[in-house]
Amino acid sequence: MGYFDSPKNRALWDIELKELKKEKQERQVRGTGAPGRAQAASREASVYRERTSYKELLAEENAARGFSAPRGRTRAMSMQQEKQRTLSGPAK
């Protein structure tokens with residue numbers, strides 16, 4: 001409790017306590033639905049939060065760099081075609 005030994009700290013605490021009591025009275029008048037400081041701060045922070053998948057981030061980054069998604073054969077398709085060539089025998 002050494003914090004309150006300083007007159008400056010005691011005055012700051014009194015100001016904070018008055019604000020808290022005032023906020024409590026306002027909440028009682030309005031009801032429990034009124035947001036407190038913590039709820040308001042978290043709501044403001046969540047307004048700017050946007051869920052994005054890794055795949056979407058890569059697509060955005062590639063678009064910004066000017067790359068497009070590969071078109072045509074994919075690796076799996078290429079491997080499947082190569083297997084078919086080896087199974088059918090050597091080319092003559």
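## Surface patch and salt bridges in a four-helix chain

In this predicted model, the side chains of Tyr3, Leu12, Trp13 and Ile15 make up a nonpolar patch on the surface, and together they offer about 390 Å² of accessible area. One of these residues, Ile15, belongs to helix H1, which covers residues 7-30, and it counts as partly exposed because its relative accessibility is 48%, a value between the 20% and 50% cut-offs.

The chain as a whole has four helices and zero strands, giving the pattern α-α-α-α along the sequence. Of its 92 residues, 4% count as buried, while the exposed area comes to about 9,100 Å², with carbon and sulfur atoms supplying 55% of it. Helix H1 contains 24 residues and spans 35 Å from its first C-alpha to its last, close to the expected 34 Å; just after this helix, Gly31 adopts a positive phi of about 110°.

Three salt bridges are found in the whole structure, and they are set out below.

| Salt bridge | Closest N and O atoms |
|---|---|
| Arg10 and Asp14 | 4.0 Å |
| Arg27 and Glu23 | 3.4 Å |
| Glu61 and Arg65 | 3.0 Å |

Arg10 and Asp14 both lie in helix H1, four residues apart, and Arg27 and Glu23 are likewise four residues apart in helix H1, about one helical turn. Glu61 and Arg65 sit in helix H3 (residues 54-65), again with a separation of four residues. An α-helix has 3.6 residues a turn, so residues three or four places apart point the same way. As for accessibility, Glu23 counts as buried at 18%, whereas its partner Arg27 is partly exposed at 34%; Glu61 is partly exposed at 37%, and Arg65 is exposed at 57%.

Definitions and conventions: Residues are numbered from 1 along each chain as its sequence is written. This is a predicted model: local features need pLDDT of at least 70, side-chain atom pairs count only at pLDDT 80 or more; totals for chains, interfaces and linings use all residues. Side-chain values use heavy atoms; hydrogens and water are left out. Patches are made of residues with over 30% relative accessible area and no salt bridge: like charges are joined within 9 Å, nonpolar side chains (Val, Leu, Ile, Met, Phe, Trp, Tyr) within 5 Å. Accessible areas come from the Shrake-Rupley method with a 1.4 Å probe; for residues, only the protein chains shown count as cover. Helices (H or I, at least four residues) and strands (E, at least two) are DSSP runs, numbered from the N terminus. Buried means under 20% relative accessible area, exposed over 50%, partly exposed in between (1.4 Å probe, protein chains only). The expected span of a helix is 1.5 Å times one less than its number of residues.
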